[in-house]
Amino acid sequence: MSDLNTFLAEQFEAELQAFRASLADVPEDAFTLSTVGHVPAWHALHVCDWLRLTVLQDRTPDYHHLGWEDRPWVAPMNEDAGRAAVMARLDNVSAQVVACLKGMTATDLNGMAFSPSAPTGERPRLVALGLHLRHIAYHRGQIQLGKKAQE
């Protein structure tokens, strides 16, 4: 593993742990309650889906939480699966992401990544990883705002 792999894996692991902790602080009865925008469960599943699609390059057509719910190809959402199921999903995807980053070669890191939101459908992998690290932090902030709105 290179220094860059180590750095990226550590940064994603730290942000994902902070994101998880933010979700864990949401009261059980508020986990599927909307205060400002989406419910906390949606934020967790949204982060999972984007990490699967862009970091893990998983193109399985079963995404529900990419932020394009108004599109006809998006299946119904399942935020009501319960906190335990949503958190287990987050833990599973988080572990896969960290392992994936640890296993990337220099060629992988300097390659391109599928990115449906990019004009060309792909972007340099390091740019994509940076965007998604900030994306997780953004949604952690949204969860924090939702908790403050409940006070």
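Helices here are DSSP runs of H or I with at least four residues, and strands are runs of E with at least two. On that basis the protein chain of this predicted model has five helices and two strands. Read from the N terminus, the elements follow the order α-α-α-α-β-β-α. The briefing below covers confidence, overall burial, the nonpolar core, selected buried positions, salt bridges and one surface patch.

**Confidence**

- The mean pLDDT of the protein chain is 86, and 87% of the residues score at least 70.
- Confidence is highest in α1, with a mean of 95, and lowest in α2, with a mean of 90.

**Burial, contacts and surface of the chain**

- The protein chain has 151 residues, of which 41% are buried.
- Of the contacts between residues at least 6 apart in sequence, 66% join residues at least 24 apart.
- The exposed area of the protein chain is about 7,800 Å², and 55% of this area comes from carbon and sulfur atoms.

**Nonpolar core**

- The largest nonpolar core contains 30 residues.
- Phe-12, Phe-19, Leu-23, Leu-51 and Leu-101 are the residues with the most contacts inside this core.
- Helices α1, α2, α3 and α5 (125-150) each contribute at least two residues to the core.
- Leu-101 is in contact with Asn-5, Leu-8, Ala-9, Phe-12, Val-55 and Leu-129, once neighbours within four places in sequence are set aside.
- One of these partners, Phe-12, is also listed among the core residues with the most contacts.

**Leu-90 in helix α3**

- Leu-90 is located in helix α3.
- Leu-90 counts as buried because its relative accessibility is 0%, and the cut-off for buried is under 20%.
- Not counting residues up to four places away in sequence, Leu-90 touches Phe-19, Arg-20, Leu-23, Ala-44 and Cys-48.
- Two of these partners, Phe-19 and Leu-23, also appear among the core residues with the most contacts.
- The C-alpha atoms of Leu-90 and Val-47 are 8.1 Å apart in space, while the two residues are 43 apart in sequence.

**Glu-15 in helix α1**

- Glu-15 is part of helix α1.
- The relative accessible area of Glu-15 is 11%, so this residue is buried.
- Leaving out neighbours within four places in sequence, Glu-15 has contacts with Leu-133, Ile-136, Ala-137 and Arg-140.

**Salt bridges**

- Six salt bridges are found in a search of the whole structure.
- One of them pairs Asp-91 with Arg-20, with 2.6 Å between the closest N and O atoms.
- This pair links distant parts of the chain, since Asp-91 belongs to helix α3 (residues 83-103) and Arg-20 to helix α1 (residues 3-24), with their positions 71 residues apart in sequence.
- Asp-91 counts as partly exposed because its relative accessibility is 34%.
- Arg-20 also counts as partly exposed, at 31% relative accessibility.
- Arg-20 is in addition one of the residues that Leu-90 touches.
- Arg-52 and Asp-49 form a salt bridge through their side chains, at an N to O distance of 3.2 Å.
- Both Arg-52 and Asp-49 are in helix α2 (residues 40-54), where they are three residues apart, about one turn of the helix.
- Arg-52 is buried at 5% relative accessibility.
- Asp-49 is likewise buried, with a relative accessible area of 5%.
- Arg-52 has a second salt-bridge partner, Asp-58, with an N to O distance of 3.2 Å.
- Asp-58 counts as partly exposed, since its relative accessibility is 23%, above the 20% cut-off for buried.
- Through shared partners, the salt bridges of Asp-49, Arg-52 and Asp-58 form one network.

**Nonpolar surface patch**

- Leu-4, Phe-7 and Leu-126 make a nonpolar surface patch of about 240 Å².
- Phe-7 is in helix α1.
- Phe-7 counts as partly exposed because its relative accessibility is 45%, and exposed requires over 50%.
- A residue can belong to such a patch at over 30% relative accessible area, so the 45% of Phe-7 meets that cut-off.

Terms used:
Residues are numbered from 1 along each chain as its sequence is written. This is a predicted model: local features need pLDDT of at least 70, side-chain atom pairs count only at pLDDT 80 or more; totals for chains, interfaces and linings use all residues. Side-chain values use heavy atoms; hydrogens and water are left out. Buried means under 20% relative accessible area, exposed over 50%, partly exposed in between (1.4 Å probe, protein chains only). Contact means heavy atoms within 4.5 Å. Accessible areas come from the Shrake-Rupley method with a 1.4 Å probe; for residues, only the protein chains shown count as cover. A salt bridge is a side-chain nitrogen of Lys or Arg within 4 Å of a carboxyl oxygen of Asp or Glu. Patches are made of residues with over 30% relative accessible area and no salt bridge: like charges are joined within 9 Å, nonpolar side chains (Val, Leu, Ile, Met, Phe, Trp, Tyr) within 5 Å. A nonpolar core is a set of buried Ala, Val, Leu, Ile, Met, Phe, Trp, Tyr and Cys residues joined through side-chain atoms within 4.5 Å. pLDDT is the predictor's confidence in each residue, from 0 to 100.
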